[in-house]
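Q: Could you take me through one part of this model slowly, as if I were seeing a protein structure for the first time? I would like to understand how its helices pack.

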Amino acid sequence: MVKYITKRLLILIPVLLGVSFLVFSILAMMPADVASVQLGVSATPEGIEKWNEEHGLNDPFLERYFDYMKGLLTGDPGVSWSSNTSIKTEFLQRIPSTMALTAGTIVLVILLGVPVGIISAIKQYSIFDNVTRLLAMLLTSLPAFWLGLLLILKFSLDLDWLPATGGGSVLHYILPWITLSAAMAAQMIRMTRSTMLEIIRADYVQTAKAKGAKPMRIVMIHELRNALLPMVTVVGIILGQTLGGAIVTETIFALPGVGTYLLQGIFKYDMPVVMIGVLFIAAVIGVINLLIDILYIYIDPRLRSQIVK
Amino acid sequence: MKKILSTALALLLIISCTACGSKDNGTTQQDNSSRTDVKYGLTSDIASLDPVYTTDQISTILYRQLYDTLIVKDKDGNWAPKLAESWSLSDDEMTYTFHLRRDVKLHDGSNMTAEDVAYSINRSIDSAATGASMTNMKDCTVVDEYTVEVHMTAPFAGTYETLSTYGRVSSANNTDYESSPIGTGPYKFVSRNSGDSIELVAFEDYYLGEAAIKDLTFKIITDPTTQIAALQKGEIDFLTHCSLTAKDTVESDSHLVWQQTLFRGNNWLSFCQNKPPFDNILARKAAQYAIDKDAVLVGGSEGLGVTMNTVFPSSVPCSPEDDYTPPYSYDVEKAKAYLEQYKAETGVSSVDISILAPDTAMYLYPAITIEGMLREVGFNVTTEQIDRSTYWSSVYAGNYQLAVTGTSWPVNDCDGNYLYFYSTSGQHYFMAFNKDMDKILDEARVTSDPAARKQCYTEVQKIIDDEAICVPLLQPANAVAYNADLKGVDKQNDIYCHFVYDWSWQ
């Protein structure tokens, strides 16, 4: 087991290196003159030259890449090009916000998606099932930026129940959680429902029924256990999506997270900021995939026996 | 099927009810009279707390609270003392002498001396961002503990403007501007949470007395709709760089004030003269006559602002704008005639051009409006929209045919346009290289008589029109919105130049 995890973690290294090289190359190939963007309208040619020299832009491409990676690997992602502040300090300040947003969202997605999906499947074609399916379709089609603004207008301005902007307390996160989880909860419901429907018709469920097992036992032990595998896969995919969706949600609710940091970096052509943002997301998704795979081993005895061998 | 349909309709009804629920009161009424804090909404994060790091407007809002300057312009447009109590200019206009106040304390509690002032101004001269705007300024030297001299390489009439903009005084002993800036202003730095907020507190030893607003928090909200929602909800009290589309919402809310001023900046349509068709004056003239500026104002700035006859807005000292009659007017027939003449002269049958535009509203919307006008007179036009960084580098490098560009007058002096129109300057993206214009721009720079300078800039505009170098377009409006109980907000000031020191709650 330890060997398996170590192996998977080692595979992450070339993946991240590849991502870093790819993103660095794309940023380096952009036709923009970085110095004149950073220095603003009143920059002089001398000022631009000085800026380029200070930021090592006159060096050859590979040298720049290795310098950057050397800094990054020794724990120093450098200084932001647009704001002259330490990226390490700023980035660390922004991680908790994004973590709170994604963690809350995924909890909400599971708490809502799994039970509703199961009931929907068991009571197929009932009113509950029909309403759920319709709602799920509606929620998937609502763009997050629109839903977020609507929620602000209703629950912050009109009813005055919840704050509209910023982080800090749990209250601040309620609207962002709902906004971000809406589409994903719908996805979860649909996935759980269809998986459960498949399993309900499986032979072993029929056998359990024939043996006279109680309905609750059938659902929890026989059906859900077997449905877990595809559901865990969906949770993994959703976690990846939340990180992407966080950019929009953070912007609407003025949450100081990794997403807005990355966006601001892209707008201002801030190479070190974009790099750290992209690498962070890539690393988190890599680790999530690993966790999901480990979960598979616990859920599926067939996989476990393979690993033990 | 019927069941599903009825459920769907019921749901739709519920959602639409939620969406357009009654909105009788926007802002929650509360008693503000005893408050001593202000939450100031910013539309993007600041770049730096270092006063010479950037010329960006959002950062400038903070600089104004943290750092004072030697002099300041009063309500009548005269120079008034601030850190300097008196000043004089030598007869050859090469040396400015400033006598400093003796009671000014820095945020670390020490006395401000000539050392700090000279250090700050020299830093500004050496800075890559502000250095180019410190026109003709050589250095600043200490004469005695409370006197400094600013030496020039050549006279420049806009020096007081430059010093009141970029001569922000900070401590000479400061090493870390980002986490502990030491200034002379009415507010001192407390903390900064990247992307979220910046906190300042009133400086108790401020030489003009402690500010009425004690706690000043800047809150960063980037989404325009959320900004207005936060303002209506009272999560912020003041919003800078307000989206013009929010005008009706703010004005219909009795607890808010909409304060609209002209943006201290203007835009123009630039022709790049290093490639066809705009290397030929006939094509440039055709475009000049094709532009309906009133329509550009509507399309480009919601109809809020003014159209321009020159490239110098009338709010900038010595501007010829108010007395200038432009030789061009909106005339489709003339435009078509010039374009036909161009086609005949060069032998081309179709004039294909592309307008380059960035993703920023101030330049993109006018560009889109202009595309239609040029098509109407016979140009074959496309608009190419690219990200703002690539846009500016392409323009500066002369890799474009047509682009809406402009300036925001960081230093409020007509000399600001030197940068764009002088042949050898870094940002001469017109590729026009006119020697006569260079001569007049140089002359205007060293002339001190306002009437003579205005004459110079009139000449500059005449050359711009004779050669059809660019089409002056708009001075757009911009706005701030704030809580109606907030008193003392300067009604005329540029939106990024407000002093929170003057404010109080009623």
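A: Here is a walk through the helices, starting in one chain and ending in the other.

Keep in mind that this is a predicted model. Let's begin with chain A, where there are 13 helices and zero strands. Reading from the N terminus, you meet one α element after another. The C-alpha trace of chain A spans about 85 × 60 × 30 Å along its principal axes. Of the 309 residues in chain A, 36% are buried. Look also at contacts with a separation of 6 or more: in chain A, 72% of them join residues 24 or more positions apart.

Now zoom in on a pair of helices. Two packed helices are described by the angle between their axes and the distance between the axes. In chain A, helix 8 (residues 170-200) and helix 10 (residues 215-252) pack at an angle of about 160°, and their axes are 9 Å apart. An angle over 145 degrees counts as roughly antiparallel, and helix 8 of chain A and helix 10 of chain A are therefore roughly antiparallel to each other. Their crossing is right-handed.

Which residues meet there? From helix 8 of chain A come, among others, A:Pro176, A:Leu180, A:Met184, A:Met188 and A:Ile199, while the partners in helix 10 of chain A include A:Glu223, A:Pro230, A:Val234, A:Ile238 and A:Thr249. Sorted by class, the residues of this contact are 14 nonpolar, nine polar and one charged.

A:Met188 deserves a second look. The largest nonpolar core has 202 residues, and A:Met188 is among those with the most contacts inside it, along with B:Leu269, B:Ala286, B:Ala290, B:Cys470 and B:Ala481. Helix 8 of chain A gives the most to this core, with 13 residues.

B:Cys470 is another name on that list. Setting aside neighbours within four places in sequence, B:Cys470 is in contact with B:Trp268, B:Leu269, B:Ser270, B:Phe271, B:Val311, B:Phe430 and B:Ile464.

B:Ala286 and B:Ala290 lead us to helix 7 of chain B, where both are buried, together with B:Ala283, B:Arg284, B:Lys285, B:Ala287, B:Gln288 and B:Tyr289. Helix 7 of chain B is mostly covered, with eight of its 10 residues buried. What covers those buried residues includes strand 13 (266-271), helix 9, helix 10 and strand 18 (470-483) of chain B.

Take helix 9 from that list. The axes of helix 7 (residues 281-290) of chain B and helix 9 (residues 332-346) of chain B come within 8 Å and cross at roughly 165°. These two helices of chain B, 7 and 9, are therefore roughly antiparallel to each other, and their crossing is left-handed. Here B:Leu282, B:Ala283, B:Lys285, B:Ala286, B:Tyr289 and B:Ala290 in helix 7 of chain B meet residues of helix 9 of chain B, including B:Val332, B:Ala335, B:Tyr338, B:Leu339 and B:Glu345. By class, this contact of helix 7 with helix 9 in chain B has 10 nonpolar, one polar and three charged residues.

Helix 10 of chain B has a packing partner to explore too. The axes of helix 8 (residues 293-301) and helix 10 (residues 361-376) of chain B come within 7 Å and cross at roughly 135°. That makes helix 8 of chain B oblique to helix 10 of chain B. The crossing of this pair in chain B is right-handed. B:Ala295, B:Val296, B:Gly299 and B:Gly300 of helix 8 of chain B make the contact with B:Tyr365, B:Pro366, B:Ile368, B:Thr369 and B:Ile370 of helix 10 of chain B. There are six nonpolar, three polar and no charged residues in this contact.

Finally, how do the two chains touch? In all, 51 residues of chain B are in contact with 48 residues of chain A. Helix 1 (2-19), strand 10 (215-220), helix 5 (224-233) and helix 11 (388-396) of chain B each supply at least two residues of the side of chain B that touches chain A. Helix 1 of chain B gives the most to that side, with seven residues. By class, that side of chain B has 18 nonpolar, 22 polar and 11 charged residues.

Helix 11 of chain B is mostly covered, since seven of its nine residues are buried. Those buried residues, including B:Tyr391 and B:Trp392, pack against helix 2 (34-39) of chain A together with strand 15 (352-357) and strand 17 (402-407) of chain B. Just after helix 11 of chain B, B:Gly398 takes a positive phi of about 75°.

Key: Residues numbered from 1 in each chain as written. Chains lettered and ligands numbered in written order. Predicted model: local features only at pLDDT ≥ 70, side-chain atom pairs only at ≥ 80, totals over all residues. Axes fitted to C-alpha atoms, helices over the stretch in contact; angles between N-to-C directions. Helix = DSSP H or I, 4+ residues; strand = E, 2+ residues; numbered from the N terminus. Parallel < 35°, antiparallel > 145°, perpendicular 65-115°, else oblique. Left-handed = near helix turned anticlockwise from the far one by under 90°. Contact = placed C-beta atoms within 7 Å. Nonpolar A, V, L, I, M, F, W, Y, C, P; charged D, E, K, R; others polar. Core = buried A, V, L, I, M, F, W, Y, C linked by C-beta atoms within 7 Å. Buried ≥ 20, exposed ≤ 12 C-beta atoms within 10 Å, placed from the backbone.
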